[in-house]
Amino acid sequence: MLSYFRRRTKNSVRTSGLADIGSGAERRPTLEEEIVLPHRAPGSPRKSRQQILSGKPIRYYRPQGSREIRHLIDEGFQAFNAGRLSEACQIFTEKMLAPANNTTIGLTIAGALTPAGLGGCVIEMMDRGLVDFVISTGANLYHDLHYALNFTLTRGSPFLDDVQLYEEGVIRIYDVLFPATVLLETDAYIREFLNRSGLNGPLATSEFHYRLGRDLLDHFPGCEEHSIVARAALAGVPLYTSSPGDSSIGMNVAYHELMNDSSLMIDPNKDVNEVCALVLAGQQNGCLILGGGSPKNFYLQAQPTLWEVYGIPKGGNDYFIQITTDQVVWGGLSGATPAEAVSWGKVNPGVLPDTVVAYCDSTIAFPLFCEYAIGSPTGRRPRKELLAQREQLVADLKREAKAVLQNKTLEA
């Protein structure tokens, strides 16, 4: 009720009471009036939109392989979760990136990491061949487009008045702020891309994101330095989304179907088979998991799909590194340990010493991890460029699965 607030009009400041309500309907403040919430100190100023968005721009931080950070992680991160992060860095650089192991490495991304500026770390890892394919929430790839289109996201506060932000047209992701027009203009670009792309029929998200990345490169030269989607297209890294309808990209694809009678359809079956084919083709397989969620499971389910569905006993992942704040006790997939994954055939039981979970915020741990990896002797390797090999690898999967089926028929 209005009587619980102090309000300031253009001409006076007063405390409203029961007289404001009287016997009639409650009076609502006009747009010219400021509602000061009870937790706000009396007289605290209302900020303008310009003031709200006056923080430093959030940039895509690009790690450079700092010797100081490598020394800190090797010598200073000795126990508890610091020790687990140090262990993760060593497993990644000394085993997963060892040339003799020829590990196919999948990176999974959950949580709002691109708005926080971590896309630069992903770009650097892709460019150096340190990750071979990526599975992300659609939201991370959508917000990545803001950087490709040269929009600005700024540092802010998580303690702002969200009602005022709504009135001022400002979007908040915890302490990341940007104008709502960024969403509208990014949406407009996606719809323009869909119209000119001529894409039709069922499509894997890897193909969709490749076409989107090529369009960005054509229309915004140089954006590959600031966009995961554009860099992946250039580097031949497949980008997958485990839940394509659960993002603004998917929302605009839905618009394209409804309003333009498009037959374009994101086909999750193609994604499932492509990821299985990439894993099957790997000499060794390893994952780097940021957060958890749907991208984590979408990667890990490849191994059960191979043995449980197609009858191909790949044997489970050889390496498992996760950075997460979730806990195993809640029973969710995000907190599930590599030991638990053994029972599903997702992780090879003989390699548990080469698995690690660091319970840490990815916005802290991942930049440190990347600095360590890039500064290591194995900090660059030839890119596998799996994007161009997808069709052949899926054909190999189909041929092997059919051979298994034929053998079972003969044995019966």
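Start your tour on the surface by selecting Tyr255, Leu258 and Met259, which together make a nonpolar patch of about 350 Å². As you look around, keep in mind that this is a predicted model. Tyr255 sits in helix H10, which spans residues 248-260. Its relative accessible area is 38%, so Tyr255 counts as partly exposed.

Stay on helix H10 and move to Ser248, which belongs to this helix too. Is Ser248 buried or exposed? Ser248 is buried, because its relative accessible area is 17% and the cut-off for buried is under 20%. Show its surroundings and you will find that Ser248 touches Tyr142 and Asp187, leaving aside residues up to four places away in sequence.

Now zoom out for the whole view. The protein has 412 residues, and 50% of them count as buried. Colour by secondary structure to see 16 helices and 14 strands. The protein exposes about 19800 Å², with carbon and sulfur atoms supplying 54% of that area. Among contacts with a separation of 6 or more, 77% are between residues 24 or more positions apart.

Next, select the six strands of an open sheet, in the order S10-S5-S4-S12-S13-S14, which pair in parallel. At the edges lie strand S10 (239-241) and strand S14 (355-359), each pairing on one side only. From one strand to the next, the twist averages 15°. Here is a general point to carry with you: strands of a sheet pair through backbone hydrogen bonds, either parallel or antiparallel.

Zoom in on strand S4 (residues 103-109) and strand S5 (residues 133-136), a parallel pair with four bridges. Pick Gly106 and look towards S5: its bridge partner there is Phe133. Then add helix H3 (residues 80-96), which packs on the sheet and touches S4, strand S12 (284-290), strand S13 (319-324) and S14. The direction of H3 makes about 140° with that of S14.

Return to Gly106 and look towards S12. Which residue is the bridge partner of Gly106 in S12? The partner is Cys287. S4 and S12 pair in the parallel sense, here over seven bridges. S12 also pairs with S13, again in parallel, over five bridges. To see a residue pair between S12 and S13, select Leu288, which stands opposite Ile321 in S13.

Now show the side chains of S12. In a regular strand, side chains alternate between the two faces of the sheet. In S12, Gln284, Gly286, Leu288 and Leu290 point one way, while Asn285, Cys287 and Ile289 point the other way. Why is S12 described as largely enclosed by the rest of the structure? Seven of its seven residues are buried, so the surrounding structure largely encloses this strand.

For the last stop, select helix H13 (residues 302-309). Which residues of H13 are buried? They are Ala302, Gln303, Pro304, Thr305 and Leu306. Bring up their surroundings to see what covers them: the cover includes helix H11 (268-281), S12, helix H12 (293-300) and helix H16 (390-411). S12, the strand you just left, is thus part of the cover over the buried residues of H13. Finally, step past H13 to Gly311, which follows the helix and has a positive phi, near 75°.

Definitions and conventions:
Residues are numbered from 1 along each chain as its sequence is written. This is a predicted model: local features need pLDDT of at least 70, side-chain atom pairs count only at pLDDT 80 or more; totals for chains, interfaces and linings use all residues. Side-chain values use heavy atoms; hydrogens and water are left out. Helices (H or I, at least four residues) and strands (E, at least two) are DSSP runs, numbered from the N terminus. Buried means under 20% relative accessible area, exposed over 50%, partly exposed in between (1.4 Å probe, protein chains only). Contact means heavy atoms within 4.5 Å. Accessible areas come from the Shrake-Rupley method with a 1.4 Å probe; for residues, only the protein chains shown count as cover. Patches are made of residues with over 30% relative accessible area and no salt bridge: like charges are joined within 9 Å, nonpolar side chains (Val, Leu, Ile, Met, Phe, Trp, Tyr) within 5 Å. A salt bridge is a side-chain nitrogen of Lys or Arg within 4 Å of a carboxyl oxygen of Asp or Glu. Two strands pair if DSSP finds at least two bridges between them. Axes are lines fitted to C-alpha atoms, for helices over the stretch in contact, and angles run from 0 to 180 degrees between N-to-C directions.
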